[in-house]
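Take a look at the chain below. We will go through its helices, its core, its aromatic rings and its surface.

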Amino acid sequence: MNITDTSLTPPAPPRSLVLWRRFRRNRAAVLGLALFIIVVLMAALADFVTPGDPLRLAGTPLTAPLIVAENPWGTDQLGRDILSGIFHGARISLVIGVVATIISIAIGIVIGAVAGYFGGRADGALMRLTEAFQTIPSFVLLLTLVAIFGSSIENIVIAIGVVSWTAPARMVRAEFMSLRRREFVDAARNLGVSDVSIIFREILPNALPPVIVFASVVMATAILMESALAFLGLGDPNYASWGNMIGQGRAVLRTAWFCSVIPGMAILLTVLSFSLMGEGLNDALNPRQKK
């Protein structure tokens, strides 16, 4: 009789390790992660690299880059240090991206989960609400909300989250509709588990992977929306943000290109990092990928 010694079988690697191996196969995703880490370090080290208020007068207005040691990236038309604005602006961009994404994903999960799990009239009513939001261009709705409630950074973040929930809601709804008839859901119902517990403890963890991937898109879009608002003069002037720097630099774009180009490159690389990481997360969380 043949006896198999299971003790010699190597244990399966942790899921986190498997996901990392899949993620790092995508070189573009690793590049995106490196860019994201740089932005995070800029935000964390802003007070050490460029201490003081980034909105203060730091030198002669419109000093070009690489001319004055105290202002290596130059100054804007008000004499503010561009390097300081870039480092401190990284904080604002990350806060806007993360908080607005949390708000939009949270709203989308609740609406999509209820619609996809219960179906029927609840699904119909919530999908009509979603379609009503989608008929209005997101940026137009954002402009309206900011014009009504004000352009403070808090209002901008909340407004971006409110106008960005429709796509996550549809995605969550589709996942719930495909999972609500699975055996593990029926087993939970037969055991008397409440609908709320089934939604958030049984189905939602299995529906999250595509939502997590899409969150990178929402973060990138949130940063671009804030930048567009600031470019139009609707940003919060009390904070040094990359969008504000671009908006204020457009007045001297012909003579001092660096006032707009440098923060524009910061936005470009940050948004690119989110996009590349989202692609890598999609590869890592795809169950069809090989281990």
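A residue counts as buried when its relative accessible area is under 20%, as exposed when it is over 50%, and as partly exposed in between. Keep that in mind, because F274 is buried by this cut-off, with a relative accessible area of 2%. One caution: this is a predicted model.

Start with the whole chain. It has 12 helices and zero strands. From the N terminus on, every element reads α, from start to finish. The C-alpha atoms fill a box of roughly 85 × 55 × 30 Å along the principal axes. Of the 291 residues, 43% count as buried.

Now go inside. In soluble globular proteins, nonpolar side chains tend to be buried together. Here the largest nonpolar core holds 29 residues. Within this core, I82, I86, W242 and F274 touch the most other members. Which helices each supply at least two residues of this core? They are helix 2, helix 4 (82-118), helix 10 (195-231), helix 11 (242-249) and helix 12. Helix 12 gives the most, with nine residues.

Next come the aromatic rings. Two rings pair if their centres lie within 6.5 Å. By this rule there are four aromatic pairs. One of them joins F36 and F274: the centres are 5.6 Å apart, the planes meet at 55°, and the pair is tilted. Why does this pair tie together parts of the chain that are 238 residues apart in sequence? F36 lies in helix 2 (residues 27-44) and F274 lies in helix 12 (residues 258-285), so the link spans that separation. The two partners are covered to unlike degrees: F36 is partly exposed, at 23% relative accessibility, whereas F274 is buried, at 2%.

Another pair is made by Y117 and F118. Their ring centres lie 4.9 Å apart, with 90° between the planes. Planes over 60 degrees apart count as edge-to-face, so this pair is edge-to-face. Y117 is buried, at 7% relative accessibility. F118 is partly exposed, at 45%.

A ring can also meet a charge. The charged end of R250 sits over the ring of F231, 4.8 Å from its centre.

Finally, turn to the surface. What makes up the nonpolar surface patch of about 620 Å²? L253, W257, V261, M265, L268, L269 and L272 do. Take M265 as an example. M265 lies in helix 12. Its relative accessibility is 41%, so M265 counts as partly exposed. Helix 12 thus appears twice in this tour: it holds M265 of the patch, and it gives nine residues to the core.

How values were computed:
Residues are numbered from 1 along each chain as its sequence is written. This is a predicted model: local features need pLDDT of at least 70, side-chain atom pairs count only at pLDDT 80 or more; totals for chains, interfaces and linings use all residues. Side-chain values use heavy atoms; hydrogens and water are left out. Rings of Phe, Tyr and Trp (its six-membered ring) pair if their centres lie within 6.5 Å; planes under 30 degrees apart count as stacked, over 60 as edge-to-face and the rest as tilted. Helices (H or I, at least four residues) and strands (E, at least two) are DSSP runs, numbered from the N terminus. Buried means under 20% relative accessible area, exposed over 50%, partly exposed in between (1.4 Å probe, protein chains only). A charge sits over a ring if NZ of Lys or CZ of Arg is within 6 Å of the ring centre and within 35 degrees of the ring normal. Patches are made of residues with over 30% relative accessible area and no salt bridge: like charges are joined within 9 Å, nonpolar side chains (Val, Leu, Ile, Met, Phe, Trp, Tyr) within 5 Å. Accessible areas come from the Shrake-Rupley method with a 1.4 Å probe; for residues, only the protein chains shown count as cover. A salt bridge is a side-chain nitrogen of Lys or Arg within 4 Å of a carboxyl oxygen of Asp or Glu. A nonpolar core is a set of buried Ala, Val, Leu, Ile, Met, Phe, Trp, Tyr and Cys residues joined through side-chain atoms within 4.5 Å.
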